[in-house]
Structure formats: structure tokens, C-alpha cells
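Me: Please take a close look at one part of this protein, the charged side chains and what they meet. Then show how that part sits within the rest of the chain.

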Amino acid sequence: MLSNKNYLSKRKISWDFIMKKYKWKAQSFDFSNKKDMEGIINLVRSHYDNVDESYPEYFQWEYIDNPAGKAIIWVAKHNDEIVGQYVINLLKVKIGEEIRRGSIVIKTLTRKDFERKGIYVCLANKAFEVCREKGIDLSYGFSNPKVYKANVKRLGFVDIGKVPLLIIPLNIKKLVEQHIQNKIYIKLLTPCIPILSISYNFIFKVLSLKNKIVEYKRIFVNEVNRFDGQINIFWEKIKMKYKNIVVRDKEFLNWRYFKNPRRRYKVFIAENNRKEIISYMVLRISYVNKLKVGYIVDILSNEEKLGNIGCSLLIGKAVEYFKRKSVMIAGCLMLSNKVYFSLLRRHGFLICPKRFEPQPFTFHVKLYTPELAGILYKLDNWFITMGDYDVV
């Protein structure tokens, strides 16, 4: 008899046979069925303890209230209980000179006792069929190592590269103490910590002086609790500077950062003396393995001289804010060919060593419109931040 692995590696798969063999069935998620909603929430809770996605109000916000439309969700059921899910959330993406329908793959889960029974690949293919029917041009995502091979070899995703994670350590002593468990190493390193801290603080001060802004009188930085119509004017001015970018208009940004029922973000804008937005920045603080972490979730400017100065002011403000909140380390996803990469480096951000990354930020794209391959399969054509990734 063929092994589970061999059953699922055949080119032509009889999903009816596999579902019957392993006693599960695939079906489109019914948003009106409260029991199914509870089933998805229970599935999330079986994998992760007390995460935002395990709350009904978060489900409502992310999958139903999304201004781009309801999520595409396929589930696997066993004895009327959900044991797997594949979720694709909709969004608008500017590709080349056009605004197109895009999507992001998120929260793909299979209950542990139903893993390696074909659920992941089957549900994915079902969801992809719906994407094609709805005229969606692409799906993208950040694959973790567990599903990387399935995504690339079985589901047609193209790995177009890795997005660098930039980090800035803000409390070296606590970072060393938390990450080194061996008491002997701690004793050996303890005398070195003050030297490391002084050295890093000196470098940081030098960088701060180097980046001192002399044109600040023409720029006004303010915190906002919602975006108004000025952000649409800003978006229309800057959108053609990027080949591939998720649409960042008023509707999307307010939904993403101000209507989230579980997460709180700090949003700052830089304006010129005509009250026009020249750059904005979104921040968030959370805990990762008891480590207080700060994120520059999103940052964007008009990429003109004054806009980049405003952007530099915002990055400096972010570092000050994180220090004031006792954040130990802060991070930002940014491609190296973007101006923000250089601005972050000037403020003391470093490329995170591979061994310390929470996971590789490998960017995958699946096309339903093949003629877009030329522009979408080049990583440098994209603008990507943590705001394009639902985890933060």
C-alpha cells in the first residue's frame, strides 16, 4: 500500500478518494453559520494561546469588514467539526499603472491529528479556483519553513526573494540576559555589557547628530487618530513612484490601523507648512517570548527632499517613543533598494543576523493572470512593510 506521502505526491490526485480515506470533507466557509465561526476560532485556539485571531470581534474585523470584500475561506470538516482552514484576504494592489484585485494568504491551519492528509493542498486549490472566478490577479504571502515546499512545488507560488528585517537594539543588557540562559556565559559577559552599551549609545548619538534636521521649521510632526482626506491626496501623488504596492488610501489605512478591535497602533504624520502630508509612519508595541518589541509597521513618504527629511524625523521619533516605553528591540521590514532602508540604517538600524530572525521573511507570489509575471516576479519592483503582513 502507498504511504501517505506517496498518495499526496502523485501528479493527479483524487481528492474524493483522499477525503473518503481520511474521513474529512472540504467546503466553502459559511459566514452566516455561527457554529462554523466558533469552529474556526477553536481551531486557532488549538494552535495558539490567546492570540488576537481567536476572538470573534477580530474575525469580524479582518474577514468580514475588510473594505476590499469578505475573505475567501475553505475549511475541512470531520464529523461536522472544522479540522483545517485556508484563508485568503482580499486587497487592492497597484501593479504597474493599474489598480488590480489582489489578495494575501493568511492563517492556514490544520489540526495536528489531521496533518499530512491532503487538507492543506486541497483547500488551497479550492480557494484558488474562487480567486480565478472573482477575477483576482494574484495572491501573495510569507511562507514559513513548514509549508515552503508545498507552496513552491505543489501550489504554484514563486519564491521571489527574502525581505530584510532591520533591527535596532535599545536595551542591550536585558537582551543579553534574556537570550543567554547559561549562567557561566552571563558571568563572563556581564563586565562587557556596560562597554557594549556605552559603545552602542555613542554610535547612536553620532548617528543622531549626523541626521540632525536643519529644515525642521518647514515640517510639522503630529500624532493622528484617523486619516482624513489629505491621505488620499498624498496617495495619488506618490502611487506612481512604486511599481507594485498595496493601495494605501484612506479607506484601507483607517480600517487597517484604527478599526482593529484588538490591536493598538501609534500613527504619526509629517506635514509641510501648507498642511499637506509628506510622510507617515505606523508603530506598534507587543511582546514576543516575554521580549518587549517595537515595530515600524508602515512608513511612506513622497520621496522628495522634504518628504525624506520628514521621514527621517519620524524614524527618530519612533526610536525615542520606543525607548520611552522601555522597548528592548525594534524592527522594520524594508527592501534595500528603497530610500527608507538607507534612512533606517542612518538611525542605527542593522540587518538582523539570520540566527536571530523569528522566521525568514520569504515573499511568495501566485499569479492568476500570467501576463503580469514580468513585473510581479521581481522583488525589487515591490514596496513591502510589516503592514502588508497581517501578523503585526
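Reply: A residue is called exposed when its relative accessible area is over 50%, buried when that area is under 20%, and partly exposed in between. Lys146, at 63%, is therefore exposed. The same cut-offs are applied to the other residues below. The model is a predicted one.

First, the setting. The protein has 392 residues, and 53% of them are buried. Its secondary structure consists of 14 helices and 15 strands. Among contacts with a separation of 6 or more, 73% are between residues 24 or more positions apart. The accessible surface is about 20000 Å², and carbon and sulfur atoms contribute 52% of that area.

Now the charged side chains. Salt bridges number 22 in the whole structure. One of them joins Asp52 to Arg284, with an N to O distance of 3.9 Å. Asp52 is in the loop between α3 (34-47) and α4 (56-64), while Arg284 belongs to strand β11 (residues 277-288), so this bridge ties together parts of the chain 232 residues apart in sequence. Asp52 has a relative accessible area of 13% and is buried because that is under 20%. Arg284 is buried too, at 12%.

This pair is part of a wider arrangement. A network of salt bridges links Asp52, Glu53, Lys107, Arg262, Arg263, Arg284 and Asp390. Lys107 is a good member to follow through it. Lys107 lies in strand β4 and, at 17% relative accessibility, counts as buried. Its side chain makes a polar contact with the side chain of Glu53 at 3.1 Å, and another with the side chain of Asp390 at 2.4 Å. Leaving out residues up to four places away in sequence, Lys107 touches Glu53, Tyr63, Gln85, Val87 and Asp390. Both acidic partners, Glu53 and Asp390, are therefore in that list of contacts as well as in the polar contacts of the Lys107 side chain.

Arg262, another member of the network, also meets a ring: Arg262 lies over the face of Tyr55, at 3.7 Å from the ring centre. A second case of a charge over a ring is Lys117, which lies over the face of Phe114 at 6.0 Å from the ring centre.

The loop that carries Asp52 also holds Ser54, between α3 and α4. Ser54 is buried, with a relative accessibility of 1%. A polar atom of the Ser54 side chain lies 2.6 Å from the backbone oxygen of Val51. Apart from neighbours within four places in sequence, Ser54 is in contact with Ile41, Val44 and Arg45.

Other salt bridges involve residues with higher accessibility values. Asp113 and Arg111 form a bridge whose closest N and O atoms are 2.8 Å apart. Asp113 is partly exposed, at 44%. Glu115 and Lys146 form another, at 3.0 Å from N to O. Glu115 is in the loop between β4 (98-110) and α5 (119-133), and Lys146 in the loop between β5 (138-143) and α6 (148-154), so the bridge ties together parts 31 residues apart in sequence. Glu115 is partly exposed, with a relative accessible area of 28%, whereas Lys146 is the exposed residue described at the start.

Aromatic rings also link separate parts of the chain. The count of aromatic pairs is 24. In one of them, the ring centres of Phe29 and Phe59 are 5.7 Å apart and the planes are at 55°, so the pair is tilted. Phe29 is in the loop between β1 (25-28) and α3, and Phe59 is in helix α4, 30 residues apart. Phe29 and Phe59 are both buried. In another pair, Tyr140 and Trp382 have ring centres 6.1 Å apart with planes at 65°, and the pair is edge-to-face because that angle is over 60 degrees. Tyr140 is in strand β5 and Trp382 is in the segment after α14 (373-376), so the pair ties together parts 242 residues apart in sequence. Tyr140 is buried, at 2% relative accessible area, as is Trp382, at 1%. Both rings belong to a cluster in which ring pairs link Tyr140, Phe142, Phe361, Phe363, Trp382 and Tyr389.

Key. Residues numbered from 1 in each chain as written. Predicted model: local features only at pLDDT ≥ 70, side-chain atom pairs only at ≥ 80, totals over all residues. Heavy atoms only, no water. Salt bridge = Lys/Arg side-chain N within 4 Å of Asp/Glu carboxyl O. Helix = DSSP H or I, 4+ residues; strand = E, 2+ residues; numbered from the N terminus. Buried < 20%, exposed > 50% of the residue type's maximum accessible area, 1.4 Å probe, protein only. Phe/Tyr/Trp six-rings, centres within 6.5 Å; stacked < 30°, edge-to-face > 60°. Lys NZ or Arg CZ within 6 Å of the ring centre and 35° of its normal. Contact = heavy atoms within 4.5 Å. Areas by Shrake-Rupley, 256 points an atom, 1.4 Å probe, with all protein chains shown as cover. Polar contact = N/O pair within 3.5 Å; in protein donor to acceptor, adjacent residues only side chain to side chain.
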